[in-house]
Protein chains: 2
Amino acid sequence: MSKGLETKENILKSALELTSKFGLESLSIGGLAKSVGMSKSGLFSHFKSKEALQVKVMDYAAFKFTSKVIKPAIKEERGIPRLEKMMELWIEWSENYMAGGCPFVSSFVEYDDRPGVVRDHIMHLQKTMIGSFERAIQIAIDEKQLKTSESVQYLAYKVYSNMLGYHIYSHLLSKEQARKNFTKQFREIIQT
Amino acid sequence: MSKGLETKENILKSALELTSKFGLESLSIGGLAKSVGMSKSGLFSHFKSKEALQVKVMDYAAFKFTSKVIKPAIKEERGIPRLEKMMELWIEWSENYMAGGCPFVSSFVEYDDRPGVVRDHIMHLQKTMIGSFERAIQIAIDEKQLKTSESVQYLAYKVYSNMLGYHIYSHLLSKEQARKNFTKQFREIIQT
DNA sequence: GTTAAAAACGAACGTTCGTGCTAAAATATC
DNA sequence: GATATTTTAGCACGAACGTTCGTTTTTAAC
């Protein structure tokens, strides 16, 4: 790998950490440069604008999410086991790996009312993410492991809002309490 | 009412709108001053710092939430009817009144990793809000309208994560679809 | 080892940020 | 209507913002 790509990866790694903690908008070129130990202009030249940087950061987040949550889960047996693994890994991702909470949630909330390239990209990634859940749920239905008459999109909504609840509660109360609630509701969703 | 309080109210009204759309952090003194039609320093002198302004804005949001959602709901019959009214008004509040989404959700996500007065205040308000739901749910249990063995805190978690799901989905898909999902899940929560 | 390309730097740009002042204008009190 | 108080404006500050520039250093290719 060339030097350029290497530092670019380094930058994005730091940028994602900062984004997780403080949000995509407060990500400043100067601050980011300081945190990776290089000059503002040197960093800037890798991306040609702040918008481009933000888009790249979200892409990096999506890449990490796929490799840490989606891909490993697919190794699991089709249906409920895979779905369960996905939930487990998602919690792990947002609990251990993303110190400041899921960057998709925070960036979405931040940008849902700011038209532009960044918002469009975030929305697209979010939809892709929900699509992954829907696909896993559909498989569980096909495999007759989910004896429900509900639509896939509604089940995905329940799964996803449960995640959101966990996300907020884990910062509001204790992580343990949030996790208990999350697991309990997930059980209910797949058992009805 | 004195002139001072009047303009202060005016400022907070504008500030809450901006916060709902763009988040509590992007609320700038200069921008806010322009939007209410007064000078930066003139506005600034009403609050002694930006932090104080942010706190006041959230207080104003809480005040509005109480008067638009909580108080009217209490006029409804105790138990499920009151809880239902609360949900209905909450949706209305975040759909019609708060153009850019619920300011509690966005500000919480924005500040959950930034220690300081603002975060503490947001957390406190958020807990108060959940407390209101829990109280309404407790009443429904006391009135034997909820034949569930679940704890109040867990039921509130379900109600609240359902709201979060609605919040995200209404910006991601259509408001109608989001609302359908929300209503359906709420029915399930109060019927099991 | 020389050379061409890529990467990083330092300085400066025009803006905007939050925050102090002081003075003028508007309001309230008597 | 005069006086005291509150409210607003104007101006300036240092810092940080994203961005551009020309230059120097580092890397890659031959």
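Contact here means heavy atoms within 4.5 Å. Keep that cut-off handy for the first exercise.

Before you start: this is a predicted model, where local features need pLDDT of at least 70 and side-chain atom pairs count only at pLDDT 80 or more, while totals for chains, interfaces and linings use all residues. Residues are numbered from 1 along each chain as its sequence is written, chains are lettered from A and ligands numbered from 1 in the order in which they are written, and side-chain values use heavy atoms, with hydrogens and water left out.

**Exercise 1. Describe the interface of chain B and chain A: how many residues are in contact, and what area is buried?**

Step 1. Start with the residues: 43 of chain B are in contact with 43 of chain A.

Step 2. Now the area. Buried area is the accessible area (1.4 Å probe) that two parts lose on being put together, summed over both. Between chain B and chain A it comes to about 3,800 Å², with carbon and sulfur atoms giving 57%.

Step 3. Next, polar contacts (pairs of N or O atoms within 3.5 Å; within protein, one must be able to donate a hydrogen and the other to accept it, and residues adjacent in sequence count only if both atoms are side-chain atoms). That rule finds 21 residue pairs across the interface, both partners at pLDDT 80 or more.

Step 4. Which elements are involved on chain B? Helices (H or I, at least four residues) and strands (E, at least two) are DSSP runs, numbered from the N terminus. On the side of chain B that touches chain A, α1, α6, α7, α8 and α9 each supply at least two residues. The most come from α8(B), with 16 residues.

Step 5. Finish with the classes. Ala, Val, Leu, Ile, Met, Phe, Trp, Tyr, Cys and Pro count as nonpolar, Asp, Glu, Lys and Arg as charged, and the others, Gly among them, as polar. This side of chain B has 17 nonpolar, 15 polar and eleven charged residues.

**Exercise 2. Work through some salt bridges: where do the partners lie, and are they buried or partly exposed?**

Step 1. Set the rule: a salt bridge is a side-chain nitrogen of Lys or Arg within 4 Å of a carboxyl oxygen of Asp or Glu. The chemistry behind it is simple: side chains of opposite charge can pair when their charged atoms come close.

Step 2. Get the counts. Over all chains the structure holds 16 salt bridges, and the count between chain B and chain A is four.

Step 3. Take Lys184(A) and Glu150(B), which pair at 2.9 Å, N to O. Lys184(A) sits in helix α9 (residues 175-191) of chain A and Glu150(B) in the loop between α7 (117-142) and α8 (152-172) of chain B, so this bridge joins two chains. For accessibility, buried means under 20% relative accessible area, exposed over 50%, and partly exposed in between (1.4 Å probe, protein chains only). Lys184(A) is partly exposed at 38%, and Glu150(B) is partly exposed at 22%.

Step 4. Glu188(A) and Lys158(B) also form a salt bridge, at 2.6 Å, N to O.

Step 5. Now look inside chain B. Arg179(B) and Glu95(B) meet at 3.4 Å, N to O. Arg179(B) lies in helix α9 (residues 175-191) and Glu95(B) in helix α5 (residues 80-97), so the pair ties together parts that are 84 residues apart in sequence. Arg179(B) is partly exposed at 31%, whereas Glu95(B) is buried at 18%.

**Exercise 3. Map the protein surface near DNA strand D: how many residues surround the strand, and which are the closest?**

Step 1. A residue is near a strand if one of its heavy atoms lies within 4 Å of it. For DNA strand D, 19 residues surround it, the closest being Ser28(A), Lys50(A), Ser39(B), Ser41(B) and His46(B).

Step 2. Of the strand D atoms that come within 4 Å of the protein, sugar and phosphate account for 60%.

Step 3. Check individual phosphate oxygens. One is 2.8 Å from a side-chain N or O atom of Ser28(A), and a polar backbone atom of Ser39(B) is 2.6 Å from a phosphate oxygen.

Step 4. By class, this surface has four nonpolar, eleven polar and four charged residues.
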